[in-house]
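Morning, everyone. Please have the sequence and the model open on your screens. I'll keep this short.

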Amino acid sequence: MSICLAFRRISVSSLRQVRKTHLSLMASLSTSMKAVVIHEYGNSSKLSYEDVPIPEPGPDEVLVKNHFAGLNFIDTYVRQGIMKLVQPGGILGFEGAGTVEKLGSGVQGLSVGDRVAFGFIGSNAYSQYSKVGAKYAVKVPDQLTMEQAASTLWQGFTAHAFACSSYPIKAGDKVLVHAAAGGVGSLITQIAKNTGAFVIGTTSTEAKASKAREAGADEVILYSQKDFVEEVNRITDGKGVNVIYDGVGKTTFLKNFGCLARRGTVVLFGGASGRPEPLDTGVLAKGSFYVTYGVNFHFVEDPAEYSQRATELFTWLTEGKLKFSGGITVVPLSDVKKAHDMLEGRQTTGKVLLQP
């Protein structure tokens, strides 16, 4: 009898310990998540995939369980410390899509379970969960996949802002798009074609040239084989193009003015090949040229403008007027270092997504 009682006491004690361990594990799981943290600036080796606390949404914020995070070239600038938009100890990522997990106080128009896309500073998208301002969480139409939604806002806002606002493309315009097979380049090409413009794209390889043609480019120049200035002038009978969209930077920027039409505009928005050399403003006098540096943040700071651009982009996608011709590549978030190396090595076309 004493042996049975002792066995019973041991069993009950063991069960209690198992239950306590289980509850402790569940509590741990419910308060931590995987994320990519930058502890110091540098190359891709500085990206740390680790456990961090799940954020708590405050007033007018929502907690989003991320399905995908978008990989963008600005992420590499931030990682290197060129653009200090994320401080050491912070989580990288400016674009994502997922489902609303929790609402902060005062949130209207969103419910738990809604599919949303979000972007820009403070997004912390390289993580399993993100705390997002409700005004920047846009509902995703049922016709779109979460992969499409996560691919849309950053590059879509960039293309929309520059092609519709920095220089509003008109029917009949002649447009030069550098890196036309890339995410932003292919979207600008499509927007320009939908407007009725004639588009010339530049790419580095024939494979990328095919992607640019799929996006609608009328002519494609392989800048690795031919001088793009000479080719543009040949194609336009020496008249040049009305606008040039340049996310390449150092190797293209100053040369752009050799194939720009009178009173033409150069929209610079990146430096994939490095920062451009300083511009002698006397160059502008040769054709009364205009130059602007587009920063997409400045075109979506107002929540109403943010919503309007997002709605228009999602509408174009659902209507088939906008497509990601370069395709979508999904990489596990744990392989973030590999993804950054691929992007910087120009081994990607279209959009790369990170999956938590």
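I'll start with the whole chain, then take the helix packing, then a few single residues.

First, a caution: this is a predicted model. Every value you hear from me is computed from it.

So, the overall picture. The chain has 356 residues, and 48% of them count as buried. It carries 8 helices and 16 strands. The C-alpha trace spans about 105 × 40 × 35 Å along its principal axes. Now look at the contacts between residues at least 6 apart in sequence. Of those, 68% join residues at least 24 apart.

Next, helix H2, residues 73–80. How enclosed is it by the rest of the structure? Largely, because 6 of its 8 residues are buried. Those buried residues are Ile74, Asp75, Thr76, Tyr77, Val78 and Arg79. Note that the list takes in Asp75 and Arg79. What sits over them? The cover includes three strands: S1 at 32–38, S2 at 47–53 and S3 at 61–71. Helix H3 and helix H8, residues 336–344, are also part of that cover. Just after H2 comes Gly81, with a positive phi near 90 degrees.

Stay with H2 and look at its packing on H8. Two packed helices are described by the angle between their axes and the distance between the axes. For H2 and H8, the angle is about 110 degrees and the axes are 10 Å apart. That makes the two helices, H2 and H8, roughly perpendicular. The crossing of H2 past H8 is left-handed. On the H2 side, the contact uses Phe73, Asp75, Thr76, Arg79 and Gln80. On the H8 side, it uses His340, Leu343 and Glu344. By class, that gives 2 nonpolar, 3 polar and 3 charged residues.

Now helix H3, residues 146–166. I'll take two of its partners, H4 and H7.

H4 first, residues 183–195. The axes of H3 and H4 come within 9 Å and cross at roughly 45 degrees. That puts H3 oblique to H4. H3 passes H4 in a right-handed crossing. Which residues meet there? From H3, we have Gln155, Gly156, Thr158, Ala159, His160, Ala163 and Cys164. From H4, we have Gly183, Val184, Leu187, Ile188 and Ile191. The tally for H3 with H4 is 7 nonpolar, 5 polar and no charged residues.

Then H7, residues 303–318. H3 and H7 pack at about 110 degrees, with their axes 9 Å apart. The pair is therefore roughly perpendicular. The H3 side of this contact is Ala149, Thr152, Leu153, Gly156, Phe157, His160, Ala161, Cys164 and Ser165. The H7 side is Tyr306, Gln308, Arg309, Ala310, Glu312, Leu313, Phe314, Trp316 and Leu317. The classes here are 11 nonpolar, 5 polar and 2 charged.

One residue in that contact deserves a zoom: Arg309, in H7. Is Arg309 buried or exposed? Buried, because its relative accessibility is 3%, and the cut-off for buried is under 20%. Set aside neighbours within four places in sequence. Arg309 then touches Phe157, His160, Ala161 and Ser165, plus Phe299 and Val300.

On to cysteines. How many disulfides does the structure hold? It holds 0. Take two cysteines. Cys259 is buried, at 1% relative accessibility. Cys164, by contrast, is partly exposed, at 28%. You have met Cys164 already: it is among the H3 residues facing H4 and among those facing H7.

Last topic, backbone angles. Most residues other than glycine have a negative phi. Here are two with a positive value. Asp237 has a phi near 55 degrees. You'll find Asp237 in the loop between helix H6, 228–235, and strand S12, 241–246. Asp237 counts as exposed, because its relative accessibility is 67%. Ser288 also has a positive phi, about 50 degrees. Ser288 lies in the loop between strand S13, 260–268, and strand S14, 290–293. Its relative accessible area is 47%, so Ser288 is partly exposed.

To recap the packing: H3 is oblique to H4, H3 and H7 are roughly perpendicular, and H2 is roughly perpendicular to H8. That's all from me.

How values were computed:
Residues numbered from 1 in each chain as written. Predicted model: local features only at pLDDT ≥ 70, side-chain atom pairs only at ≥ 80, totals over all residues. Heavy atoms only, no water. Disulfide = S-S within 2.5 Å. Buried < 20%, exposed > 50% of the residue type's maximum accessible area, 1.4 Å probe, protein only. Axes fitted to C-alpha atoms, helices over the stretch in contact; angles between N-to-C directions. Helix = DSSP H or I, 4+ residues; strand = E, 2+ residues; numbered from the N terminus. Parallel < 35°, antiparallel > 145°, perpendicular 65-115°, else oblique. Left-handed = near helix turned anticlockwise from the far one by under 90°. Contact = heavy atoms within 4.5 Å. Nonpolar A, V, L, I, M, F, W, Y, C, P; charged D, E, K, R; others polar.
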